[in-house]
Amino acid sequence: QLEVGRYDMVGITETWLQEDRAWELNIQYYTSYRNDRQVGRGGGVALLVRDGIQFLAREDIRTEEVESLWIELRNFKGKKTLIGVIYRPPNSSRDVGFIFQQELKLACNKGNATVVMGDFNMQVDWE
């Protein structure tokens, strides 16, 4: 359960939303920014941004092959921060993994602080 107004931003993966059901993510005190899966069921990402926080959607970073969305924030001194939400389905092809890497590189090479959140479905050996 989301405590309304407590968080500045909330990233969501596997939203399962579709364009014709926009009302399903209409939460008081938040602006929702979404990228719904275009083919098949499931997937999709969203970012809830608390009202009063200005942001710019960065469509130039997002690719068609990766379920992601990106926004840009600016502080009062003009410093930019990129925020990304990414969902990488399990058993994705190597091509999707490569494109995912390219998207991250593109975002990080913009010279801004970058925050990435999501469900990457990657096996990591921490030992």
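This briefing walks through the sheet, its helix, the aromatic pairs and a few notable loop residues of the structure above. Please keep in mind that the model is predicted. At its centre of interest here is an open sheet of four strands, ordered β4-β5-β6-β7, with mixed pairing. Helix α1 packs on that sheet, and the structure also holds two aromatic pairs.

**The sheet**

- The edges of the sheet are β4 (56-57) and β7 (113-119), each of which pairs on one side only.
- Strands β4 and β5 run antiparallel and are joined by two bridges. Here alanine 57 stands opposite isoleucine 71 of β5.
- Eight bridges connect β5 (residues 67-74) with β6 (residues 80-87), again in the antiparallel sense.
- Two positions help you find your way along this pairing: leucine 69 faces valine 85 in β6, and arginine 74 has lysine 80 of β6 as its bridge partner.
- Between β5 and β6 the hairpin has five residues, and within this hairpin glycine 78 takes a positive phi near 90°.
- As for solvent, β5 is mostly covered, with seven of its eight residues buried.

**The helix on the sheet**

- Which strands does helix α1 touch? Helix α1 (residues 94-108) touches β5, β6 and β7 as it packs on the sheet.
- The direction of helix α1 makes about 5° with that of β5.

**Aromatic pairs**

- Two such pairs are present in the structure.
- Tyrosine 33 and phenylalanine 55 have ring centres 6.2 Å apart and planes at 50°, so this pair is tilted.
- The tyrosine 33 and phenylalanine 55 pair links distant parts of the chain, 22 residues apart: tyrosine 33 is in strand β2, while phenylalanine 55 is in the loop between β3 (45-50) and β4.
- Tyrosine 33 counts as buried because its relative accessibility is 12%, under the 20% cut-off. Phenylalanine 55, with a relative accessible area of 27%, is partly exposed.
- For phenylalanine 100 and phenylalanine 120, the ring centres lie 5.6 Å apart and the planes are at 45°, so this pair is tilted too.
- Phenylalanine 100 belongs to helix α1 and phenylalanine 120 to the segment after β7, so their pair ties together parts 20 residues apart in sequence.
- Is phenylalanine 100 buried or exposed? At 4% relative accessibility, phenylalanine 100 counts as buried. Its partner phenylalanine 120 is partly exposed at 27% relative accessible area.

**Positive phi in the β1-β2 loop**

- Glutamate 14 sits in the loop between β1 (9-13) and β2 (30-35). Its phi is near 50°, a positive value in a residue other than glycine.
- The relative accessible area of glutamate 14 is 36%, so this residue is partly exposed, falling between the cut-offs of 20% and 50%.
- Tryptophan 16 is also placed in the loop between β1 and β2. Although tryptophan 16 is not a glycine, its phi is positive at about 60°.
- Tryptophan 16 is partly exposed, with a relative accessible area of 47%.

**The loop before the helix**

- Where is asparagine 91 found? Asparagine 91 is in the loop between β6 and α1.
- With a relative accessibility of 81%, asparagine 91 counts as exposed, because that value is over the 50% cut-off.
- From asparagine 91 to leucine 104, which are 13 residues apart along the chain, the C-alpha atoms are separated by 19 Å.

Terms used: Residues are numbered from 1 along each chain as its sequence is written. This is a predicted model: local features need pLDDT of at least 70, side-chain atom pairs count only at pLDDT 80 or more; totals for chains, interfaces and linings use all residues. Side-chain values use heavy atoms; hydrogens and water are left out. Two strands pair if DSSP finds at least two bridges between them. Contact means heavy atoms within 4.5 Å. Axes are lines fitted to C-alpha atoms, for helices over the stretch in contact, and angles run from 0 to 180 degrees between N-to-C directions. Buried means under 20% relative accessible area, exposed over 50%, partly exposed in between (1.4 Å probe, protein chains only). Rings of Phe, Tyr and Trp (its six-membered ring) pair if their centres lie within 6.5 Å; planes under 30 degrees apart count as stacked, over 60 as edge-to-face and the rest as tilted.
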